Amino acid sequence: MTASHNDKIRNLEDFAEIASDWFWETDADHRFTYFSNRLEDVTGISTTAMIGKRRDTIPAEDASEPKWINHMADLVAHRPFRNFEYMILRPTDQQPVWMRIAGQPQFDKNGDFLGYLGTGTDISAETVATQRLEASNAALAERNSELDEARRALEQTAYEDALTGLSNRRAFERDLEEALAVHDGNIGLLHIDLDRFKWVNDTLGHPAGDHVLMITAERLLAVMAEQGSIYRLGGDEFAGILTTNVSCALANWIGDSIVDAVSAPMDVSKRKVHVGASVGFAIAKCSETSARRLISHADVALYEAKRGGRNTVRQITPEVQAHFEDQRKLAGQIAGGLDRMEFVPFFQPQVHVETNTIIGAEALVRWQHPERGLLPPGAFLQAAADLGLSAQIDKVILDAALAAVGRLAYAGFHLPSVSVNVSEARLLDPSLCDDVKKLWTDRRCRLSIELLETIYFDDTHHGHQFDDNLGRLREMGVGIETDDFGSGRASITGLLRTSPDRLKIDRSLVQAVVADPTKRSLVSAILDMTRALGIESIAEGVETQADIDALQRIGCQMFQGYAISYPLSEADFLTYLASQSGPDFATRAPKRKRQT
Ligand code: C2E
Ligand code: CA
Ligand code: CA
């Protein structure tokens, strides 16, 4: 070693006294020739243990690691290096000591390589801390991923229906909100309800019911596979979300496929079970709807599908929905309308053609709606029935019709007969007979009730109140008329059982008599038979003189219909009666302007 070299080291050593670093030197063969004292002070490794050794032979680390290979390459190429970190085991106690070193190759003035001169720093504390941090980070990461997995599993059960494995109602709500937020274009919502599921549960037991639900889930999944996702909302209710820009045609196709799939027989409890499905379908633009709206639309569609009979698909487009909402709004106003006496009877005259006399009138309800004007029964009767308000409407009309008859009599027109329509609910109403007794004071005007045959044919659920009311009405002399006879609901046997006082021959049968000779002779035979039994017949819905003629030829004498007059308000009916004082009124009766 040259004098200048030793001087250099000594100068460095002076400096090293104030730094925590040590100096080291190697020869051309990379063996340590020198360490400053600081090495021992800082690391506890004695200099003598190191002199003469090569760095890569000090047993500690695997020298085949990339960092060692790179480092050795630097040394062989006599390149300077910095920040090489490695570990050795302290010879005294075999404790790891981490050091970070830098080295500068040294050359003589001929350019021959002499060895390296470098510094070293003890980074044990720092490395251990880093290692601990890394280890704990790794442990944390592992723990986190375990936690994540647990959470996912937990979420899965929270969003999964245990029985069928389908996503559940919570998942449905989450996915629907998400679909609406993410997509533009159309979204389709299916609401599916099984038909006859209750029957399966009640008669075959709950395990069979569960089995049916599982099979249903599989089939729904198969149909929806490509189209969207399917959910079990609970019980026998399922839902589907379609986001593939659904068209009405696609919706119909899917709806029909679902109905077909679900109604195919199922092998349950060693027997073939047939259930069916009703499907309500709502389609809307994502940007123009909300989850709440879409769900309510699909509900309405399902409700309509159920009403349409089993195995039916109903679709709700925004226009149809607007109509339903309108209907719902109207339904909500019925009770108030009853309180405000907005329901009034119109009167449609009935005539006897042979004697040319007005034999009576049928009272038909109309709703004088404050905003919508005069509404016909078709606009509100079903809603009223759904709300349980039919009986109340019938009561109001009975009351108002009899009051009107009284006023007509006061004006000099004695109506021979008035008939009111009576719903099933009204016929089961305990106050019916008392009302009739109280209100029907002028017995010169005969009172009849018109009943759809279905009311008394389907008598399984009627009981005592029904028979009691009908019996008491008969006793009081109230006429019983069979409404809509021949509209397809009545059978002759049923008719004979009920023995009404009068048949009202439905418009559809009137049309048949006019058009079809076979039907004509059939109706003619029915009329003969009923006449023999003392049952009167009146043809309703006669619109032309030809109708009247055809029926008259087979023995019908009494008529009601537009050919005679439209249903009229009380005031118009009074005018009508006043105009009918001469003979032949039936044929020359003015057809009043149609009111509804
Ligand atoms: P309905 O008892 O069969 O009454 C006859 C219906 O046929 C009436 O309809 C009447 O306006 C209509 N009509 C009369 N002549 C003709 C004709 O020549 N051609 C045609 N195409 N139709 C004719 P409206 O008033 O709309 O009543 C419909 C139904 O509503 C009634 O059928 C009846 O079932 C029910 N209804 C009416 N008023 C009441 C009521 O106060 N209580 C109950 N429960 N039901 C009522
Ligand atoms: Ca009627
Ligand atoms: Ca009728």
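**Figure 1. The largest cavity in this predicted model has a volume of about 60 Å³.** A search of the whole structure turns up four cavities of 30 Å³ or more, and this view zooms in on the largest of them. Its wall is made by Trp24, Thr26, His30, Phe32, Arg55, Asp56, Met72, Leu75 and Tyr116. Strand β1 (22–26) and helix α4 (66–76) are the elements that give two or more residues to that lining. By residue class, the lining comes out as five nonpolar, two polar and two charged. As general background, rolling a probe the size of a water molecule over the atoms shows where empty space is left.

**Figure 2. Five strands make an open, antiparallel sheet in the order β2-β1-β5-β4-β3.** The edges belong to β2 (32–35) and β3; each has just a single partner strand, so one side of each is left without a neighbour in the sheet. Neighbouring strands here are turned by 30° against each other on average, direction ignored. Helix α4 lies across β3, β4 and β5, and runs at about 125° to β3.

**Figure 3. A hairpin links β3 and β4, with six residues between them.** Look for Gln94 in the turn, where phi is positive at about 60°. Strands β3 (residues 81–89) and β4 (residues 96–107) pair in the antiparallel sense over seven bridges. One handy landmark is Phe84, whose bridge partner in β4 is Ile101. Strand β4 is also joined to β5 (residues 113–122), by nine bridges and again antiparallel. Along that pairing, Ala102 has Thr119 of β5 as its bridge partner.

**Figure 4. A second open sheet of five strands runs β7-β8-β6-β11-β12, with mixed pairing.** Here β7 (228–234) and β12 (313–316) take the edges, each with a single partner strand, so one side of each has no neighbour in the sheet. The twist from one strand to the next averages 20°. Strand β11 (residues 276–285) pairs with β12 in the parallel sense, over four bridges. To find your way along this pairing, start at Gly280 and step to Arg314, its bridge partner in β12. Helix α9 (residues 248–263) lies across β6 (186–195), β8 (237–242), β11 and β12, and it runs at about 160° to β11.

**Figure 5. The largest pocket has a volume of about 1000 Å³.** There are 40 residues in its lining, and those closest to the centre are Leu364, Pro377, Leu381, Asn421 and Asp483. Several elements each supply at least two lining residues: β14 (357–369), α13 (381–386), α14 (390–410), β17 (446–452), α17 (453–457) and β18 (479–485). The largest share, five residues, comes from β14. Sorted by class, the lining has 15 nonpolar, 11 polar and 14 charged residues. Keep an eye on Asn421 and Asp483, listed among the residues closest to the pocket centre, since the next view picks both up as donors to a calcium ion (ligand 2).

**Figure 6. Two calcium ions (ligands 2 and 3) lie 3.9 Å apart, bridged by Asp483.** The calcium ion (ligand 2) is coordinated by Glu362 (OE), Asn421 (OD1), Glu450 (OE) and Asp483 (OD), at 2.1 to 2.3 Å. Along the chain, these donor residues follow the spacing E-x58-N-x28-E-x32-D. Glu362 sits in strand β14 and Asn421 in strand β16 (residues 417–421), so this pair ties together parts that are 59 residues apart in sequence. The calcium ion (ligand 3) gets its donors from Asp483 (OD), Asp484 (OD) and Glu540 (OE, listed twice), at 2.1 to 2.8 Å. Its donor spacing reads D-D-x55-E.

**Figure 7. The second largest pocket has a volume of about 450 Å³.** Its lining counts 19 residues, and Tyr303, Arg307, Gln327, Ala383 and Asp386 lie nearest the centre. Helices α10 (291–307), α11 (318–332) and α13 each put in at least two lining residues. The most come from α11, with six. Class by class, the lining holds nine nonpolar, five polar and five charged residues. Helix α13 is worth a second look: it supplies at least two residues to this lining, and it also supplies at least two to the lining of the largest pocket.

Key
Residues numbered from 1 in each chain as written. Chains lettered and ligands numbered in written order. Predicted model: local features only at pLDDT ≥ 70, side-chain atom pairs only at ≥ 80, totals over all residues. Heavy atoms only, no water. Pairing = 2+ DSSP bridges. Axes fitted to C-alpha atoms, helices over the stretch in contact; angles between N-to-C directions. Contact = heavy atoms within 4.5 Å. 1 Å grid on protein atoms, 1.4 Å probe; cavity = no way out; pocket = protein on both sides within 12 Å on 5 of 7 lines; lining within 4 Å. Points joined across faces, edges and corners; volume = space filled by probe spheres on them. Nonpolar A, V, L, I, M, F, W, Y, C, P; charged D, E, K, R; others polar. Donors = N, O, S within 2.8 Å, 3.2 Å for Na, K, Ca; no water.
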